[in-house]
Amino acid sequence: MEVYSQLYIEEKLKKELEATFISVQDLSDGCGAKFSAVIVSPKFEGIPLLQRHRMVNEILKKEMNSIHAFTQKTLTPEQWDKQKSTSGDNLKCENLCQSKKPVLENTK
């Protein structure tokens, strides 16, 4: 069984979803089997939550054979901006990302 890193998951999702922000946490003590993600992408515009999650799961289809748990929060850029403005400077993302700075941010 393959082991996937936090950086691998982030980069794959960022590329496939053209994410403007992504934060992935490895919650499995490094074994690569349990992840939590916050993904912000314009590709989620007009897409219901369940369909967004299916999009992410399809991108990680191969990896999901090795991942035991994967939680995700999928937001449009507008939803992300609204959440940031109500959360102030501390972007907890409901305990999905803990840092004030994003792990990968697209600044186009």
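Where does I67 lie? I67 sits in the loop between α2 and β3, and this briefing will come back to that residue after a tour of its surroundings. Please keep in mind that the model is predicted. The protein has 3 helices and 4 strands, and along the sequence these follow the pattern α-β-β-α-β-α-β.

**Overall picture**

- Of the 108 residues of the protein, 38% count as buried.
- Among contacts in the protein with a separation of 6 or more, 61% are between residues 24 or more positions apart.

**Strand β2 and its partners**

- Strand β2 spans residues 34-40 and is mostly covered, with 6 of its 7 residues buried.
- On one hand, β2 pairs with strand β1 (residues 21-26): the two run antiparallel and are joined by 6 bridges.
- Within that pairing, V24 stands opposite A37 in β2.
- On the other hand, β2 pairs with strand β3 (residues 69-75): these two run parallel, and 7 bridges join them.
- Here S36 has T71 in β3 as its bridge partner.
- To get from β2 to β3, the chain passes through helix α2 (residues 49-59), and this β-α-β crossover is right-handed.

**Aromatic pairs**

- A pair of aromatic rings is described by the distance of the centres and the angle of the planes.
- The count for this protein comes to 2 aromatic pairs.
- One of them is formed by F21 and W80, which are stacked at 4.4 Å centre to centre with 25° between the planes.
- The angle falls under the 30 degrees that count as stacked, which is why the pair carries that label.
- F21 belongs to strand β1 and W80 to helix α3 (residues 77-87), so their pairing ties together parts that are 59 residues apart in sequence.
- Both partners are covered: F21 is buried at a relative accessible area of 3%, and W80 counts as buried at 4% relative accessibility.

**R52, a buried charge**

- R52 is found in helix α2, the helix through which the chain crosses from β2 to β3.
- What is the nearest side chain of opposite charge to R52, and how many Å away is it? It is E45, 6.8 Å away.
- A salt bridge needs a side-chain nitrogen within 4 Å of a carboxyl oxygen, and R52 is buried yet has no salt bridge.
- Leaving aside residues up to four places away in sequence, R52 touches F44, I47, Q72, T74, L75, T76 and Q79.

**Two loop residues, I67 and E18**

- Back to I67: at 8% relative accessibility, this residue of the loop between α2 and β3 counts as buried.
- The cut-off for buried is under 20% relative accessible area, so the 8% of I67 meets it.
- I67 and C31 are 36 residues apart in sequence, while their C-alpha atoms are 9.4 Å apart in space.
- E18 lies in another loop, the one between α1 (6-17) and β1.
- Is E18 buried, partly exposed or exposed? E18 is partly exposed, with a relative accessible area of 49%.
- Most residues other than glycine have a negative phi.
- E18 has a positive phi, near 50°, although this residue is not a glycine.

Methods. Residues numbered from 1 in each chain as written. Predicted model: local features only at pLDDT ≥ 70, side-chain atom pairs only at ≥ 80, totals over all residues. Heavy atoms only, no water. Buried < 20%, exposed > 50% of the residue type's maximum accessible area, 1.4 Å probe, protein only. Pairing = 2+ DSSP bridges. Right-handed = clockwise from strand over helix to strand, strands pointing away. Phe/Tyr/Trp six-rings, centres within 6.5 Å; stacked < 30°, edge-to-face > 60°. Lys, Arg positive; Asp, Glu negative; His and termini not counted. Contact = heavy atoms within 4.5 Å.
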